[in-house]
Amino acid sequence: MLEEEAEIGILALEKGLINQEALNDCLSALSDDGGHSLVDLLRDKNLLKADQIEGLRKEALKRIREWVIGEGP
């Protein structure tokens with residue numbers, strides 16, 4: 001799950017959906033409050049919409065699967 005969340009953040013940044021400062025703010029908030037996930041924070045701060053998150057989640061899972069079977073970077 002942590003890999004998926006991290007990959008969602010990376011993808012959102014790569015695609016220009018969020019900027020580095022916004023991602024850093026969310027990551028700082030994660031360390032301050034362990035009760036939220038990165039996706040929760042991205043949604044709560046209105047940085048990403050539900051459909052964007054779902055699209056990123058699908059792409060993140062695809063990337064992770066490719067790494068696991070050795071087809072990724």
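**Exercise 1. Find the partner of aspartate 40 and place the pair in the fold.**

Step 1. The side chains of aspartate 40 and arginine 43 meet in a salt bridge, 3.7 Å from N to O. The term stands for a side-chain nitrogen of Lys or Arg within 4 Å of a carboxyl oxygen of Asp or Glu.

A word on what you are looking at: this is a predicted model, in which local features need pLDDT of at least 70 and side-chain atom pairs count only at pLDDT 80 or more, while totals for chains, interfaces and linings use all residues. Residues are numbered from 1 along each chain as its sequence is written, and side-chain values use heavy atoms, with hydrogens and water left out.

Step 2. Both aspartate 40 and arginine 43 belong to helix H3, three residues apart, or about one turn of the helix. Helices here are DSSP runs of H or I with at least four residues, strands are runs of E with at least two, and both are numbered from the N terminus. An α-helix has 3.6 residues a turn, so residues three or four places apart point the same way.

Step 3. Now check the surface. Aspartate 40 is partly exposed at 26% relative accessible area, and arginine 43 is partly exposed at 35%. On this scale buried means under 20% relative accessible area, exposed means over 50%, and partly exposed is in between (1.4 Å probe, protein chains only).

**Exercise 2. Follow the salt bridge of arginine 57 and see which network it joins.**

Step 1. Arginine 57 meets glutamate 54 through their side chains, at 3.4 Å from N to O.

Step 2. The two are three residues apart in helix H4, which means that about one helical turn separates them. Arginine 57 is buried, with a relative accessible area of 17%, whereas glutamate 54 is partly exposed at 38%.

Step 3. Salt bridges with shared partners join Glu4, Glu54 and Arg57 into one network.

**Exercise 3. Explain what the salt bridge of glutamate 59 and lysine 15 ties together.**

Step 1. In this pair, the closest N and O atoms are 3.2 Å apart.

Step 2. Glutamate 59 sits in helix H4 and lysine 15 in the loop between H1 and H2, so the bridge ties together parts that are 44 residues apart in sequence.

Step 3. Glutamate 59 is partly exposed at 28% relative accessibility, and lysine 15 is partly exposed at 45%. The count of salt bridges comes to seven.

**Exercise 4. Describe helix H4, its buried residues and its other side.**

Step 1. H4 has 19 residues and reaches 27 Å from its first C-alpha to its last, close to the 27 Å expected at 1.5 Å a residue. That expected span is 1.5 Å times one less than the number of residues.

Step 2. The buried residues of H4 are Ile53, Leu56, Arg57, Ala60 and Ile64. Seen down the helix axis, they fall within an arc of 110 degrees, so they line one face of H4. The arc is that of the directions from the helix axis to the C-beta atoms.

Step 3. These buried residues pack against helix H1 (2-14) and H3, with contact meaning heavy atoms within 4.5 Å. On the other side of H4, Asp51, Lys58 and Arg65 are exposed.

**Exercise 5. Look for positive phi values around H4.**

Step 1. Asparagine 46 has a phi near 55 degrees, a positive value in a residue other than glycine. Most residues other than glycine have a negative phi.

Step 2. Asparagine 46 lies in the loop between helix H3 (38-44) and helix H4 (50-68), and at 70% relative accessibility it counts as exposed.

Step 3. After H4 comes glycine 70, with a positive phi near 85 degrees.

**Exercise 6. Step back and describe the whole chain.**

Step 1. The chain has four helices and zero strands, running α-α-α-α from the N terminus on.

Step 2. With 73 residues, a compact globule would have a radius of gyration near 11 Å, and the chain agrees at 12 Å. The radius is taken over C-alpha atoms, and the globule rule is 2.2 Å times the number of residues to the power 0.38.

Step 3. Along its principal axes, the C-alpha trace spans about 35 × 25 × 20 Å. Of the 73 residues, 29% count as buried.
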